[in-house]
Amino acid sequence: MTLSKDAILAELNTVTMDGSGREGGLVDAGAVAKCSSCDGHVSVVLALPGLDQRVRAAIAGRAEAAVRRAAQRAGQPLAAVVVDTTAEGASPRRATVSLPQASPSKASGPAAKTAQQAAPLLPNVRHIVAVGAGKGGVGKSTVAANLAVGLALRGHAVGLLDGDIYGPSLPTMLGLHSLEPNVIGNMLQPFLVHGVKAMTIGKLVDAERPLIWRGPMAHGAFKQLIEQTEWGPLDYLVVDLPPGTGDVCLSLAQLLRLTGAVVVCTPQRVAQDDAVRALRMFQQLSVEILGVVENMSYFVGDDGKEYDIFGRGGAQMMAQRTGVPFLGSIPITMDLRRNSDEGNPSANFRGGTALARSLDAVVQNLEAQVALASVRSAQASPTLTIN
Ligand code: ADP
């Protein structure tokens, strides 16, 4: 059972801006920009423009207490409450946090740490999620595209950057073929498809020309895609990285402060070995691992039987072994392959299929991990409590 959004909103409406109880509540005042509740993870975004930091922090504290009351009344457990008061042009973020017992999946490398800490935040983008893989062909771009579409379907403002500058797949996977790039001033306008703002180098170069970049060129191309795209305000920017542990991953860590990385892996032992290398690279760069996705986990035949072609559960075990979260498994299906080739990822989420359910679960688990990672990296909301 999940604590209902209505129960949370009702309780939030007992909270007033000045705490006097005389004014209308937060909902009536139009201050609740977003509210979501999933498996004990509650996230509330308050729009409190024009109020100073101390007042916003006080309101956030009362809102958090209201969420707890709602949970207590409904007899529902709470895993995490995030109250964010930075919507609508409020001033920079500050975090008051109490951390969960579990140790964060972060690591080391003083030089790398400096690079990530020194990396700028992208203005107006709340969370940047990199999607990487140890090797090509494991479904990294497929997962990146479907994460972006799934997050958009859950009401978030989402951008998707095809950072796989050596082999961009997103023009095909998102169905961008008939669309022309649009530049206003010197800014690229992202393509608006499947509820997502997307940008890919694949639409800026000849589709059949081999893309050969030396290190500094790769850095420059990637930087331009990030900085010269008019993203506008986003809740999530999903970045599809090239496979492996090369230059672009380093550029990303220097150019942007990431919320974290998702590593895509198929179940086989050899795929796990490569994925662990990618995990360790992110950790050396001090990028938090948001989780592992096991793609091509199993195949469902026409007879309805599930076949463990590659050894289902291998990537999940690898996640356990390396102490990072597991976000879920995605089966091999003809629908997913066909919808990717036809540029129609939205179709993957329809019809209540095993595929739709698995993708939904991965997206929801990612949302929860992002909320936790935001707390740990102190990039997030002014008030946050984790039970
Ligand atoms: P990568 O980015 O790791 O190189 P892609 O995402 O380009 O891999 O996927 C490679 C191919 O496998 C694509 O044709 C894609 O549609 C297909 N594919 C990926 N995952 C699945 C899946 N779970 N079921 C069916 N086809 C898949």
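In this predicted model, H127 is in contact with D235, Y236, L237, T259, V370 and S374 once its neighbours within four places in sequence are left aside. The residue belongs to strand β5, which runs over residues 125-133. Because its relative accessibility is 8%, and a residue under 20% is classed as buried, H127 counts as buried.

A second buried position is G150, which is found in helix α4. The relative accessible area of G150 is 2%, and G150 is therefore assigned to the buried class, for which the limit is under 20%. Not counting residues up to four places away in sequence, F349 and V363 are touched by G150. The C-alpha atom of G150 is also separated by 6.7 Å from that of D360, although the two residues are 210 residues apart along the chain.

R257 offers a contrasting case, since this residue is partly exposed, with a relative accessible area of 27%. R257 is located in the loop that connects α7 (247-255) with β12 (260-265). Between R257 and L122 the C-alpha to C-alpha distance is 7.8 Å, while 135 residues set them apart in sequence.

The pairs described above can be placed beside values for the whole chain. Eleven helices and 16 strands make up the secondary structure of the protein chain, and 52% of its 387 residues count as buried. Among contacts in the protein chain with a separation of 6 or more, 76% are accounted for by residues 24 or more positions apart. The area exposed by the protein chain is about 16,800 Å², of which carbon and sulfur atoms supply 53%.

The ligand is surrounded by 16 residues, and the closest of these are G137, K140, S141, T142 and P331. By class, this shell consists of six nonpolar, eight polar and two charged residues. At least two residues of the shell are supplied by each of α4 (140-153), β13 (289-300), β15 (326-332) and α10 (334-341); helix α4 is also the element in which G150 is found.

Several polar atoms of the protein lie at short listed distances from the ligand. A polar side-chain atom of T142 is placed 2.5 Å from an oxygen atom of the ligand, and a polar side-chain atom of N295 is placed 2.9 Å from a nitrogen atom of the ligand. For T333 it is a polar backbone atom that is involved, at 3.1 Å from a nitrogen atom of the ligand. Of the 560 Å² of accessible area that the ligand has on its own, 81% is covered by the protein.

Confidence varies along the model. The mean pLDDT of the protein chain is 82, and a value of 70 or more is reached by 81% of its residues. In the protein chain, confidence is highest in α4, at 97, and lowest in strand β4 (residues 96-98), where the mean is 24. Over residues 89-112 the pLDDT stays under 50, and for this stretch the model has 52 contacts beyond four places in sequence. Residues 379-387 form another stretch over which pLDDT stays under 50, and for these residues the model has 53 contacts beyond four places in sequence.

Note on methods
Residues are numbered from 1 along each chain as its sequence is written. This is a predicted model: local features need pLDDT of at least 70, side-chain atom pairs count only at pLDDT 80 or more; totals for chains, interfaces and linings use all residues. Side-chain values use heavy atoms; hydrogens and water are left out. A residue is near a molecule or strand if one of its heavy atoms lies within 4 Å of it. A polar contact is a pair of N or O atoms within 3.5 Å; within protein, one must be able to donate a hydrogen and the other to accept it, and residues adjacent in sequence count only if both atoms are side-chain atoms. Accessible areas come from the Shrake-Rupley method with a 1.4 Å probe; for residues, only the protein chains shown count as cover. Helices (H or I, at least four residues) and strands (E, at least two) are DSSP runs, numbered from the N terminus. Ala, Val, Leu, Ile, Met, Phe, Trp, Tyr, Cys and Pro count as nonpolar, Asp, Glu, Lys and Arg as charged, and the others, Gly among them, as polar. pLDDT is the predictor's confidence in each residue, from 0 to 100. Contact means heavy atoms within 4.5 Å. Buried means under 20% relative accessible area, exposed over 50%, partly exposed in between (1.4 Å probe, protein chains only).
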